[in-house]
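Hi everyone, thanks for coming. I'd like to walk you through one structure today, starting with its charged side chains and working outwards from there.

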Amino acid sequence: MERNTKMSAISTICSAVDGDEIAMEKILNHYNAYISKACLRPCYDEYGNMRIVIDMDLKGRVRTTIMKAILNFELEIK
């Protein structure tokens with residue numbers, strides 16, 4: 001399976017900056033794997049075994065912060 005590492009189109013970025021929810025979701029989906037990797041945390045079960053899991057609370061906060069940053073982004077097109 002080949003991964004798509006192509007960056008989002010400028011039109012998608014402009015739409016996201018303007019508040020388009022679909023464009024915002026496209027950008028977040030593009031970075032989903034990176035966000036998930038950054039949110040990995042060790043978790044211990046009742047037997048003391050450690051597993052690495054995605055901290056979904058942290059992932060939600062990261063996604064919210066990215067959305068706020070996109071909406072506050074000053075885009076200047078020449």
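How many salt bridges are there? The count comes to two. Please keep in mind that this is a predicted model.

Let's take the pair formed by arginine 63 and glutamate 25. Their side chains meet in a salt bridge, with an N to O distance of 3.2 Å. Arginine 63 belongs to helix 4 and glutamate 25 to helix 2, so this pair ties together parts that are 38 residues apart in sequence. And how covered are the two partners? Arginine 63 has a relative accessibility of 18%, so it counts as buried, the cut-off being under 20%. Glutamate 25 is partly exposed, with a relative accessible area of 34%.

The other pair is arginine 61 with aspartate 57, where the N to O distance is 3.8 Å. For those of you who set cut-offs for a living, the limit used for a salt bridge is 4 Å. These two residues are four apart in helix 4, which means about one helical turn separates them. Arginine 61 is partly exposed at 48% relative accessibility, and aspartate 57 counts as exposed at 53%.

Now, a charged residue without a salt bridge. Lysine 59 is also found in helix 4. Which side chain of opposite charge is nearest to lysine 59? That is glutamate 25, 9.1 Å away. So we have a buried lysine with no salt bridge, and the distance fits with that, because a salt bridge needs the atoms within 4 Å. What lysine 59 does have is a polar contact of 2.8 Å, side chain to side chain, with serine 36. If we leave aside neighbours within four places in sequence, lysine 59 is in contact with Asn32, Ile35, Ser36, Cys39 and Ile54.

Glutamate 25 brings us to helix 2, so let's stay there for a moment. Helix 2 covers residues 21–30, and Ala23, Met24, Ile27 and Leu28 are buried in it. Why are these four on the same side of helix 2? Because they cover an arc of only 135° around the axis. What covers them includes helix 1 (10–17), helix 3 (32–38) and helix 4 (56–71). Turn to the other side of helix 2, and you find Glu21 and Ile22 exposed. There is also a nice detail at the start of helix 2: a side-chain oxygen of aspartate 20 comes within 3.3 Å of the backbone nitrogen of isoleucine 22.

One more residue before we zoom out. Glutamate 74 sits in the segment after helix 4. With a relative accessibility of 72%, glutamate 74 counts as exposed. Its C-alpha atom is 8.1 Å from that of valine 17, although the two residues are 57 apart along the chain.

Finally, the whole chain. The protein chain has four helices and two strands, and from the N terminus on the order is α-α-α-β-β-α. It contains 78 residues, of which 21% count as buried. If you take contacts between residues at least 6 apart in sequence, 42% of them join residues at least 24 apart. The chain exposes about 6500 Å², and carbon and sulfur atoms supply 55% of that.

That's my tour, and I'm happy to take questions.

Technical notes: Residues are numbered from 1 along each chain as its sequence is written. This is a predicted model: local features need pLDDT of at least 70, side-chain atom pairs count only at pLDDT 80 or more; totals for chains, interfaces and linings use all residues. Side-chain values use heavy atoms; hydrogens and water are left out. Buried means under 20% relative accessible area, exposed over 50%, partly exposed in between (1.4 Å probe, protein chains only). The arc is that of the directions from the helix axis to the C-beta atoms. Contact means heavy atoms within 4.5 Å. A polar contact is a pair of N or O atoms within 3.5 Å; within protein, one must be able to donate a hydrogen and the other to accept it, and residues adjacent in sequence count only if both atoms are side-chain atoms. Lys and Arg count as positive and Asp and Glu as negative; His and the chain ends are not counted. Accessible areas come from the Shrake-Rupley method with a 1.4 Å probe; for residues, only the protein chains shown count as cover.
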